[in-house]
Amino acid sequence: MTDNLQKTIAAISTALSDSGIGIIRVSGPDAVKICSEIIFDKKKESVPDKMEAGTFRHCYVYDGDEILDECIVLLYKAPHSYTGEDTVEIQCHGGVYLLKKVLDLVTAHGAALSAPGEFTKRAFLNSKMDLAQAEAVMDLISSRSEGALRASRDQMSGRVSEAIRNLRAKILYETAFIESAIDDPEHYDLTGYEEKLSGTVCEISDKITEMIRSYDSGKFVREGIATCIVGSPNSGKSSLLNLLTGQDRAIVSDIPGTTRDTIEEYVRLDDILLKVTDTAGIRDTDDVIESIGTKRAFEAAENADLILFMIDASEYLTLDIMQIFSAVYKRKLIIILNKADKTLMVRPDDVYSHLKESADKEISALSKEEFFEKYPCIIMSASGGQGLEELKRTIRAGFLSGDITSKSDVVITGLRHKELLCAALESLDGVKEGIEAGVEIDVYCGDLYNAYKKLGLIIGEELGDDLADEIFSKFCMGK
Amino acid sequence: MDLKCRGAEFNIDVAIVGAGHAGCEAALACARLGLETVVFTVSVDSIALMPCNPNIGGSSKGHLVRELDALGGEMGKNIDKTFIQSKMLNTSKGPAVHSLRAQADKRDYSGAMRKVLESQEHLTIKQAEVCELLWEEIPSEEKTGSYEKFVTGVRTQTGALYNCKAVVLCTGVYLNARCLTGESITYTGPNGLQAATHLSDSLRNAGVELRRFKTGTPARMDGKTIDFSKMEEQKGDEVIVPFSFSTDPATIQKDQVSCWLTHTNQKTHDIIRANLDRSPIYAGIIEGTGPRYCPSIEDKVVKFSEKESHQVFIEPEGLYTDEMYVDGMSSSLPEDVQLAMYRTVPGLENCKIVRNAYAIEYDCINAKCLYPHLEFKKIKGLFAGGQFNGSSGYEEAAAQGFVAGVNAAMEILGKEFLVLKRSESYIGVLIDDLVTKDNREPYRMMTSRAEYRLLLRQDNADLRLRKYGHRIGLISDEVYNGILKKKESIDAEIERLKSVMLGAGSETCKYLESIGSAPLSTATSLASLICRPELDYKKLAPLDPERPQLPDDVTEQVQIEIRYEGYIKRQEKQVKEQERLEVKLIPEDIDYDDVPSLRIEARQHLKEFRPVSVGQASRISGVSPADISVLLVYLEKINRQKLGI
């Protein structure tokens with residue numbers, strides 16, 4: 001329910017674009033507590049709980065031990081805020097991916113995603129607005145809800161909703177069977193049923209976990225082969241992305257480290273859809289922001305279905321390049337020797353002899369032919385366009401041979417979806433715990449149905465008499 | 001002196017229309033609260049009649065009976081007096097779904113209830129058909145809330161006039177009833193009893209909308225013609241648990257009769273399929289909507305065609321008769337088909353049918369026209385309970401009849417209505433579902449309908465509900481104080497068990513191993529040992545020398561509350577969250593057209609249902625969370641306007 005003023009809510013309150021700064025707002029009784037768990041200064045002392053109302057501080061958003069971003073934090077104390085509640089504003093660096101990560105973190109620490117118009121609704125309920133504004137508030141809630149619903153539907157591909165529908169059908173069937181056996185124990189017997197249920201629940205949990213992972217890995221857009229361009233700074237990664245998309249999507253310059261965040265684009269190669277992520281160049285660096293970017297590049301590579309490994313062929317192979325290779329060689333990889341328009345300092349033979357040594361024994365034992373069969377190597381000029389056709393052909397061939405496949409069939413969009421998936425998973429965990437602890441089946445059956453409800457919210461299906469309908473249609477009740 | 005008479009006239013407080021399970025509870029509640037009450041029945045011999053199955057209770061229905069008993073109802077006591085077999089169902093499952101079911105001696109049940117009614121002060125039994133509801137319009141300047149009319153009395157078929165302050169309709173399946181056995185149709189109530197044919201029109205005149213529902217019952221066999229050796233015996237429990245909290249278990253341990261299990265087979269199904277065109281339902285003669293949970297054997301065969309066999313239970317109708325009830329094979333097929341079909345069932349090859357199976361159609365209401373306290377939203381003083389509200393089952397009927405009767409009394413006495421929450425009773429779930437959802441078939445209670453069922457156990461109905469029984473005046477101070485004491489000793493014992501720690505000494509470990517439980521490695525509280533599935537309160541006695549002497553019903557609660565503490569706490573938290581909406585009341589005179597930004601669909605539903613609280617509104621289908629938010633803001637707005645902020 002959306003009106004619980006006891007809950008602390010959070011939302012991204014700036015437009016989702018690649019603007020320089022983005023603001024995340026957290027409001028409610030636990031706003032300070034939650035933010036203090038993730039926002040620290042350089043000495044790793046928590047910040048918001050030590051701040052005076054109406055002040056701001058420069059600090060860092062931490063995800064565990066890792067710095068996610070540096071930020072400015074503003075603190076408002078009730079009733080002197082927009083909502084009339086304790087409010088923390090986190091001003092981070094813009095960019096959809098980063099903002100969502102921070103929001104993700106805030107919700108993981110106990111904030112709920114705000115419902116449409118909820119900040120304004122709270123402002124009204126906390127008497128921060130006068131009566132004349134009440135109607136505007138109501139309009140806002142209803143129009144935003146409609147909008148959110150539409151957006152949610154638009155964001156979700158048919159495959160996602162179909163996958164969720166399938167999971168729900170399974171859960172509903174199990175629940176209905178158990179309930180039938182409770183209501184009519186003389187017709188349906190639950191003896192030993194835990195085992196079967198456990199199997200089904202694990203299977204469903206795995207699918208949900210997969211979907212959640214697809215979100216975590218940054219794939220908050222539709223399906224496609226997750227393709228990640230990695231390489232050392234200024235090897236021409238952004239130029240390749242621009243070449244593939246045919247537009248100046250990424251900022252290209254000669255200054256190493258220009259792309260500090262990950263950038264994503266869709267590229268259609270005839271009937272194959274690639275979701276290409278351009279990452280920050282990977283190198284050892286002292287620049288805080290750039291090192292965050294490097295980390296994220298590795299993360300993105302970690303979750304990619306296909307890696308395009310860019311090597312600046314106009315320079316000698318560096319230690320950085322070997323390090324990158326040693327981090328990603330287990331993935332499906334295409335090596336691109338870029339800048340063919342300049343004098344080539346690196347040839348495929350060099351690649352073979354240097355890189356095979358930076359991986360494990362299995363790789364170093366490969367012959368040159370075997371190595372290049374495993375890691376196709378293409379010489380191209382990303383800025384000039386030379387070699388593009390060969391790259392496309394290689395990707396296509398890999399895809400058609402089944403060598404390159406999309407790891408996750410189903411990717412989910414939107415943090416709200418993720419939040420609900422997590423809630424469903426938690427309910428299913430409750431079922432598993434119950435089974436393990438030897439608790440009677442009827443006790444945790446409610447958790448099972450709860451998972452059904454949560455999944456239903458993702459695809460916007462209202463809960464009617466689903467369970468009763470399922471019981472009556474699938475199970476012949478007795479007397 | 002003019003000695004000419006023109007119809008009798010009486011002044012009473014409450015008129016109860018119908019003396020079935022709902023009517024009996026309503027009548028007793030009103031009379032016990034000191035109101036002059038008349039209960040009308042078309043036949044005094046049919047008071048508390050069980051025209052269908054010969055049992056009380058069962059999954060979730062047993063809960064209703066327990067709750068009713070805790071509130072001060074009669075059904076639990078009456079079945080304790082008259083049962084002939086008793087069984088606790090679902091004992092292999094968790095305590096929340098344990099449910100008591102008893103086979104009744106039908107004649108005894110009815111007779112015992114009649115005796116209770118007869119000996120009740122302020123209660124008059126009257127054999128008469130109520131034909132007319134009398135009411136007046138409320139003058140527009142006196143209108144409050146949604147009421148448009150108020151009741152003034154009822155008139156019987158003989159013209160007698162009963163002036164009263166409240167009327168409780170408990171007409172069951174009697175309104176315009178029609179029974180169907182194949183091509184044969186009679187315009188009677190159940191068991192060939194007289195139907196009530198006049199009241200429907202009078203109700204329509206008062207603006208009450210009626211609809212048609214249908215239900216059915218199987219045949220009764222002559223037990224002498226049944227070969228029980230071909231069936232599986234179903235015995236009662238060795239230790240009998242009473243329904244009523246005030247029945248001493250020691251007084252009801254007795255010899256029990258058995259029920260019998262047999263099965264249908266392909267032959268049975270073939271006969272049914274071959275004669276479907278003669279079934280009134282499949283031939284389209286029946287217009288009423290039947291319940292899906294209680295399908296006729298025709299329905300089972302058609303809808304579950306893959307099933308090769310269905311269970312059939314043969315149950316005695318009572319000790320006074322040889323008649324046996326054929327549970328699981330209700331039907332509206334013609335008599336010849338019935339006989340042929342029953343005779344394919346092992347053990348029934350030579351059976352003789354005493355009473356044919358039949359389907360019955362009747363008028364009832366869609367209970368969304370009622371408040372949760374079971375009064376009509378538009379007619380002050382008119383209450384309704386039981387099958388007339390679109391439910392099914394004796395227990396569902398009794399529970400509603402009780403609540404309707406109590407609230408008729410509360411209105412007259414100017415006291416607070418009895419409205420039970422979903423979070424504290426199955427009765428609350430039952431009534432909330434009836435008045436909030438668009439039910440399209442006779443409503444049966446099911447455990448799956450209760451979202452907080454770990455809290456709503458049959459074993460703690462007294463702890464949950466005695467307080468309400470006490471508040472309305474049907475539970476004595478003495479009983480109520482007993483409950484308070486019980487609660488205290490439960491809490492104290494739980495506290496003690498959590499604080500008493502056992503060391504990992506060799507004696508302790510030895511004992512634990514001897515009863516198949518793992519030895520301790522560190523000091524552990526008695527409470528955490530109780531949580532081990534293989535242990536329980538009783539088994540730990542040797543390790544707990546300080547244990548106080550406590551009655552079984554207390555230690556049972558202690559055991560359950562400790563073992564399921566995590567689950568119970570979670571449900572309590574959910575209850576608390578929903579509670580905020582439940583306590584936000586919607587003014588009766590709210591004009592939904594005045595609430596901007598509500599979606600059209602939501603507006604329609606809200607206008608139609610007129611929920612009493614935001615909580616109830618949130619359960620109406622077609623009302624979204626955003627609509628609820630809008631509603632909350634609106635309520636806050638008018639609230640501030642009132643306060644002049």
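Me: Which residue forms a salt bridge with A:E186, and how far apart are the closest N and O atoms?

Reply: In this predicted model, the partner of A:E186 is B:R101, and their closest N and O atoms are 2.7 Å apart. The general idea is that a salt bridge is called when a side-chain nitrogen of Lys or Arg comes within 4 Å of a carboxyl oxygen of Asp or Glu. This pair crosses between chains, since A:E186 sits in the loop between helix 5 (158-183) and helix 6 (193-216) of chain A, while B:R101 belongs to strand 6 (residues 99-104) of chain B.

Me: Are A:E186 and B:R101 buried or exposed?

Reply: To read this, look at the relative accessible area, where a value under 20% counts as buried. A:E186 has 16% and is therefore buried, and B:R101, with 9%, is buried as well.

Me: Where in chain B do B:R464 and B:E67 lie?

Reply: B:R464 and B:E67 form a salt bridge with the closest N and O atoms 2.7 Å apart. The pair links distant parts of the chain, because B:R464 is in helix 11 (residues 461-472) and B:E67 is in helix 2 (residues 61-71), 397 residues apart. B:R464 is buried at a relative accessible area of 9%, and B:E67 counts as buried at 0%.

Me: Which parts of chain B does the pair of B:E361 and B:R178 tie together?

Reply: The side chains of these two residues, B:E361 and B:R178, meet in a salt bridge of 2.7 Å from N to O. B:E361 lies in strand 21 (residues 358-364) and B:R178 in strand 12 (residues 178-181), so the pair ties together parts of chain B that are 183 residues apart in sequence. Both B:E361 and B:R178 are buried.

Me: Which residues do salt bridges with shared partners join into one network?

Reply: When salt bridges share partners, they can be followed from one residue to the next, and here they join B:R422, B:D432, B:D433, B:K437, B:E451, B:E582 and B:R619 into one network. Over all chains, the count comes to 64 salt bridges.

Me: What is the nearest side chain of opposite charge to B:K214?

Reply: The nearest one is that of B:D299, at 5.2 Å, and B:K214 is buried yet has no salt bridge. The reading rests on the cut-off, because a salt bridge needs the nitrogen and oxygen within 4 Å. B:K214 is found in strand 14 (residues 211-217) of chain B. Leaving aside neighbours within four places in sequence, B:K214 is in contact with several residues, among them B:I281, B:T289, B:E361 and B:P442.

Me: How many residues of helix 1 of chain B are buried?

Reply: A general point helps first: an α-helix has 3.6 residues a turn, so residues three or four places apart point the same way. In helix 1 of chain B, 11 of the 12 residues are buried, so this helix is largely enclosed by the rest of the structure. The buried residues include B:H21, B:C24, B:L28 and B:A31. Helix 1 (residues 21-32) reaches 17 Å from its first C-alpha to its last, close to the 16 Å expected at 1.5 Å a residue, and helix 1 is followed by B:G34, whose phi is positive, near 90 degrees.

Me: How many helices and strands are there in chain A?

Reply: Chain A has 16 helices and 13 strands, and buried residues make up 56% of its 479 residues.

Technical notes
Residues are numbered from 1 along each chain as its sequence is written. Chains are lettered from A and ligands numbered from 1 in the order in which they are written. This is a predicted model: local features need pLDDT of at least 70, side-chain atom pairs count only at pLDDT 80 or more; totals for chains, interfaces and linings use all residues. Side-chain values use heavy atoms; hydrogens and water are left out. Helices (H or I, at least four residues) and strands (E, at least two) are DSSP runs, numbered from the N terminus. Buried means under 20% relative accessible area, exposed over 50%, partly exposed in between (1.4 Å probe, protein chains only). Lys and Arg count as positive and Asp and Glu as negative; His and the chain ends are not counted. Contact means heavy atoms within 4.5 Å. The expected span of a helix is 1.5 Å times one less than its number of residues.
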